[in-house]
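This report looks at how some strands are arranged, at the pockets, and at the cysteines. Please view the sequence and the structure first.

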Amino acid sequence: MFKYKKGIILIFILTLCMVLNGCGFISDGKRIVRIAHSQSETHPDHIGLIAFEKYVEENLGDKYDVQIFPNELLGTSVKAIELTQTGAIDFVVCSTGNLETFDDIYSVFSIPYLFDSTEAYYKAMEDEKIRNEIYKSTRSSGFEAVTWLDAGTRNFYTTKDVKTPDDLKGLKLRVQQSPSNVNMVKAFGAAAAPMSFGEVYTAIQQGVIDGAENNELALTNNKHGEVAKYYIYDRHQMVPDMLIGNVKFLDSLTDEEREVFDEAARICTQVERKEWLLQVEEAKKQAEAMGVNFSEVDVELFKNRVIDLQNQMVSENEKLKPVYERIQEINSEVK
């Protein structure tokens, strides 16, 4: 409750100052640049953003003061996106799922087995054609993406040992609240249970659900490894987070300033990716100490169960085809 009230107060102060200044904050002659995200100060996203802040201030410190607000201090992801639209916040880290409501091109990342490998995923996210299709798609909504952040590979973890898709039959699994994720779980013969992420631990503990799907950090940061002891690498999704920026602020930058901010965004991604890999390895060690069993499975068996869903999602949205087809080219190149 205290955190919620604190967030509301900060949002009110931000909005008031925006009205008084007519644009962003000005302090000691510098334009304050606000960046919001929902993770802790130890999360890879935050560490990447610190690198962003450092680079901007090293090169434009006489003009800009970058300030990072973690832990949803400026509101939930949805609220922070809305504040970025208005310019009360300049940048926010958010999931692609949150961005689907602004332009459904972002639903491409919900396609199961979109990427054949982590290497293909990384290469695709740096591909200029894909970036051009996606990044500026939301400009009419008041923001655009400036870079992506690694959120790992999403896999199933359960209270029962799973080796093949057949082992998922009859299980009740928590998924994110989106039709594509519900349909994916149903294609495996399991029952989908959309619910808040914060409810997962108790739901597994009480037997309401048999498991969930997420990256390895959920096992330790959210202690899901205490109640779900089987984690399988089925690799059904690789979904990035996006750093989005207010269009008016980005367009107000000179060419030289925009180059600095773009380079800061590139460095942010580079640092965040390295930190992500380190934290995943540490999470695996901690989870194993908790008694979690990690298993490699035949990914093709799982992929074959959702091929029809993959084709359906692409055929129903013409906007996805150019991005989807380019990603398939990259999959082939990497192979």
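Strand E2, helix H2 (residues 44–60) and strand E3 form a β-α-β unit, and the unit is right-handed. The model in which this unit appears is a predicted one.

**Strands**

Strand E2 covers residues 30–36, and 6 of its 7 residues are buried, so the strand is mostly covered. E2 runs parallel to strand E3 (residues 64–69), and 6 bridges join the two. One of the bridge partnerships links Ala 36 to Phe 69 in E3. E2 also pairs with strand E4, again in the parallel sense, over 2 bridges. Here Ile 35 has Phe 91 of E4 as its bridge partner.

**Pockets**

Rolling a probe the size of a water molecule over the atoms shows where empty space is left. The table sets out the two pockets described here.

| Pocket | Volume | Nonpolar lining residues | Polar lining residues | Charged lining residues |
|---|---|---|---|---|
| Largest pocket | about 1,400 Å³ | 12 residues | 24 residues | 7 residues |
| Second largest pocket | about 360 Å³ | 5 residues | 4 residues | 9 residues |

The lining of the largest pocket consists of 43 residues, and those nearest its centre are Ser 38, Gln 39, Ser 95, Gln 176 and Phe 197. Several elements each give at least two residues to this lining: helix H3 (77–86), strand E4 (91–95), helix H4 (96–99), helix H9 (217–221) and helix H11 (255–289). Strand E4 therefore has two roles in this account: E4 pairs with E2, and E4 supplies part of the lining of the largest pocket.

The second largest pocket is lined by 18 residues, and Arg 131, Tyr 135, Val 146, Thr 147 and Asp 262 are the closest to its centre. Helix H6 (128–134), strand E5 (143–149) and H11 each contribute at least two residues to the lining of the second largest pocket. The largest share, 7 residues, comes from H11.

**Cysteines**

A disulfide is a covalent bond between the sulfur atoms of two cysteines. How many disulfides does the structure hold? The number is 0. Cys 94 is in no disulfide, and the nearest cysteine sulfur, that of Cys 268, is 13 Å away. Cys 268 is likewise in no disulfide, with the sulfur of Cys 94 as its nearest cysteine sulfur. A disulfide requires the two sulfur atoms to be within 2.5 Å.

Are these cysteines buried or exposed? Cys 94 has 1% relative accessibility, so it counts as buried. Cys 268 has a relative accessible area of 0% and is buried as well.

Definitions and conventions: Residues numbered from 1 in each chain as written. Predicted model: local features only at pLDDT ≥ 70, side-chain atom pairs only at ≥ 80, totals over all residues. Heavy atoms only, no water. 1 Å grid on protein atoms, 1.4 Å probe; cavity = no way out; pocket = protein on both sides within 12 Å on 5 of 7 lines; lining within 4 Å. Points joined across faces, edges and corners; volume = space filled by probe spheres on them. Helix = DSSP H or I, 4+ residues; strand = E, 2+ residues; numbered from the N terminus. Nonpolar A, V, L, I, M, F, W, Y, C, P; charged D, E, K, R; others polar. Buried < 20%, exposed > 50% of the residue type's maximum accessible area, 1.4 Å probe, protein only. Pairing = 2+ DSSP bridges. Right-handed = clockwise from strand over helix to strand, strands pointing away.
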